[in-house]
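Reader: Hello! I would love a close look at one part of this model, the way its helices pack.

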Amino acid sequence: MLTIQNLSKAFQKQSVLNQLSLHIEDGELIYIHGINGSGKSTLFKIICGILEKDEGIMELSPHTHIGALIENPGFLDSETLHYNLSFLASLQNHNDQKRIENLCQKFHLDFHSRASMKNYSLGMRQKAGIIQAIMEEQNFILLDEPTRGLDKEAIQTFCDMIIQLHDEGKTIIIAAHDYLKALPFDHIYHLEHGTLTEDKVFENNFML
């Protein structure tokens, strides 16, 4: 699905990613952890094509359809949830209204509410951000701090969704501070000083 070799990125001569390498097979569920500023969001933005790499090789499998939640979800605040999600889904002609409404129901969001999104709480916006990343049956999903602002029930709903997507063969990368024990990660990586190291004993040593 994804191969990265010796990827580097710097901002104003400050190195963020330094000769980073990563290989992910189809259908894998990956967790990346690291402190703020370690480069998790930068890596996701390069994979999505939002940022250009400075050096290195990045190859995605043909027919890869990326869904992503990176940093704070961005929406048209003066419009409704229905307008925002329908508009985004229509960009690539994947506007499955039944699927979108079903995902909203799982997160207790009213898909047909007339309220504009400027009135949504952080948690509600986060739920909408997760939904837009998976609503088009994307086969490669990148989620940056996806449980930010979510309550316990919503986190459980999120975990159930990820397990289902993993069972369906979707490739998923989650970058976060909070380790979600309910998720059957295939590999866990630590991003530090711009490089990734696989952490074989992370689950036993991690402190929530």
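At what angle do helix H3 and helix H5 pack, and how far apart are their axes?

Author: Happy to help! This is a predicted model, in which local features need pLDDT of at least 70 and side-chain atom pairs count only at pLDDT 80 or more, while totals for chains, interfaces and linings use all residues. Residues are numbered from 1 along each chain as its sequence is written, and side-chain values use heavy atoms, with hydrogens and water left out.

Helix H3 (residues 97-106) and helix H5 (residues 152-167) pack at about 140°, their axes lying 10 Å apart. Helices (H or I, at least four residues) and strands (E, at least two) are DSSP runs numbered from the N terminus. Axes are lines fitted to C-alpha atoms, for helices over the stretch in contact, and angles run from 0 to 180 degrees between N-to-C directions. H3 is therefore oblique to H5, a class for whatever is not under 35 degrees (roughly parallel), over 145 (roughly antiparallel) or 65 to 115 (roughly perpendicular). Arg 99, Leu 103 and Lys 106 of H3 make the contact (heavy atoms within 4.5 Å) with Thr 157, Met 161, Gln 164 and Leu 165 of H5. By class, three of these residues are nonpolar, two polar and two charged; Ala, Val, Leu, Ile, Met, Phe, Trp, Tyr, Cys and Pro count as nonpolar, Asp, Glu, Lys and Arg as charged, and the others, Gly among them, as polar.

H3 also packs with helix H2 (residues 81-90), at about 135° and with axes 11 Å apart, so H2 and H3 are oblique to each other. On the H2 side, Leu 81, His 82, Leu 85, Ser 86 and Ala 89 make the contact, and on the H3 side Gln 97, Ile 100 and Cys 104. This contact has five nonpolar residues, three polar ones and no charged ones.

Now for the sheet. It is open, with six strands in the order S5-S6-S7-S3-S8-S9 and mixed pairing; two strands pair if DSSP finds at least two bridges between them. S5 (66-69) and S9 (195-198) stand at the edges with a single partner strand each, so one side of each has no neighbour in the sheet. S5 and S6 (residues 140-144) pair in the parallel sense over four bridges, and Phe 140 in S6 is the bridge partner of Ile 66. H5 packs on this sheet, touching S3, S6 and S7, and its direction makes about 145° with that of S7.
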